[in-house]
Amino acid sequence: MADLDNEKDSEFKTKSVGRLTTEYCKICGNLCDPYNKPALSCNECSKKIHVECLKRGTVPTSFVGDVFFDLACSDCSPLGEETVVRNRMPWLNVIILTLYNLREKSSGISKRGYFHWKSDISTFVDRNWDCLFKKTVYDIALEN
Ligand SMILES: [Zn+2]
Ligand SMILES: [Zn+2]
């Protein structure tokens, strides 16, 4: 009985280590860190690419911590080009992103980390509606 448990244990460990290797960037080979080195993962092969290692060097929006995109890496994309498209944003993601950006960019209006629903949060979402929800954000960002 004890042997069987040990076997299960080691199998589990190998699996976890295997999973961790996908946390390295496909382009530069360095570790991905959600805070300092955020990365997108390819929808097809699940390999990760740092935001700064993308061909265009950044995501299509200027939000802080915005990694809510669908990525097809150059190996998986039918066009042979990296494509980055805004994924369908659930409201939870929108709110997380909004609060994070309000906190990072406008610390002045924060009341000890609290924001006013109407004047801060709704205004932010309103102003950035296209960048938050439009599928073709990639092209829009290029035009500006
Ligand atoms: Zn990288
Ligand atoms: Zn891929």
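**Exercise 1. Find where Ser41 sits, and decide whether Ser41 is buried, partly exposed or exposed.**

Step 1. Look for Ser41 in strand β1. Helices (H or I, at least four residues) and strands (E, at least two) are DSSP runs, numbered from the N terminus. Residues are numbered from 1 along each chain as its sequence is written, and chains are lettered from A and ligands numbered from 1 in the order in which they are written. You're looking at a predicted model, where local features need pLDDT of at least 70 and side-chain atom pairs count only at pLDDT 80 or more, while totals for chains, interfaces and linings use all residues.

Step 2. Count the C-beta neighbours. A residue is buried if 20 or more other C-beta atoms lie within 10 Å of its own, exposed if 12 or fewer, and partly exposed in between, with C-beta atoms placed from the backbone. Ser41 counts as partly exposed because it has 19 C-beta neighbours inside 10 Å.

Step 3. List what Ser41 touches. Two residues are in contact if their C-beta atoms, placed from the backbone, lie within 7 Å. Leaving out residues up to four places away in sequence, Ser41 touches Ser46, Lys47, Lys48 and Leu71.

Step 4. Check a C-alpha distance too. From Ser41 to Val67 you get 9.3 Å in space, with their positions 26 residues apart in sequence.

**Exercise 2. Follow one of those contacts, Ser46, and describe its place and backbone.**

Step 1. Ser46 is in the loop between β1 and β2.

Step 2. Ser46 is exposed, because 11 other C-beta atoms lie within 10 Å.

Step 3. Now the backbone: phi of Ser46 is near 65°, a positive value in a residue other than glycine.

**Exercise 3. Work out how β3 and β4 pair, and which residues are on their covered faces.**

Step 1. Strand β3 (residues 69-72) and β4 pair in the antiparallel sense over 4 bridges; two strands pair if DSSP finds at least two bridges between them.

Step 2. Pick out partners in β4: Thr83 is the bridge partner of Ala72, and Arg86 is that of Phe69.

Step 3. Sort the faces. In a regular strand the side chains alternate between the two faces of the sheet. In β3, Phe69 and Leu71 make the covered face, while Asp70 and Ala72 make the uncovered one. In β4 (residues 83-86), Val84 and Arg86 are on the covered face, with Thr83 and Val85 on the uncovered one.

**Exercise 4. List the residues of the largest nonpolar core, then see what Leu71 touches.**

Step 1. A nonpolar core is a set of buried Ala, Val, Leu, Ile, Met, Phe, Trp, Tyr and Cys residues joined through C-beta atoms within 7 Å. The largest one here has 10 residues: Cys32, Ala39, Leu40, Ile49, Val51, Val59, Phe69, Leu71, Cys73 and Val84.

Step 2. Ask which elements give two or more residues to this core: they're β1 (39-41) and β3.

Step 3. Zoom in on Leu71. Not counting residues up to four places away in sequence, Leu71 touches Leu40, Ser41, Cys42, Asn43, Ile49 and Val84.

**Exercise 5. Describe how α2 and α3 pack, and find the contacts of Tyr100.**

Step 1. Helix α2 (residues 91-105) and helix α3 (residues 117-127) pack at about 110°, with axes 10 Å apart. Axes are lines fitted to C-alpha atoms, for helices over the stretch in contact, and angles run from 0 to 180 degrees between N-to-C directions.

Step 2. Name the arrangement. Angles under 35 degrees count as roughly parallel, over 145 as roughly antiparallel, 65 to 115 as roughly perpendicular and the rest as oblique. So α2 and α3 are roughly perpendicular to each other.

Step 3. Find the meeting residues: Val94, Thr98, Asn101 and Leu102 in α2 meet Asp120, Ile121, Phe124 and Val125 in α3.

Step 4. Tyr100 is in helix α2 too. Leaving aside neighbours within four places in sequence, Tyr100 is in contact with Val64 and Gly65.

**Exercise 6. Find which elements have the lowest and highest mean pLDDT.**

Step 1. pLDDT is the predictor's confidence in each residue, from 0 to 100. The chain's mean pLDDT is 80, and 73% of its residues reach 70 or more.

Step 2. Among the elements, helix α5 (residues 137-143) has the lowest mean pLDDT (46), and strand β2 (residues 48-50) the highest (95).

Step 3. Check residues 10-21 as well: pLDDT there is below 50, and the stretch has 0 contacts in the model beyond near neighbours in sequence.
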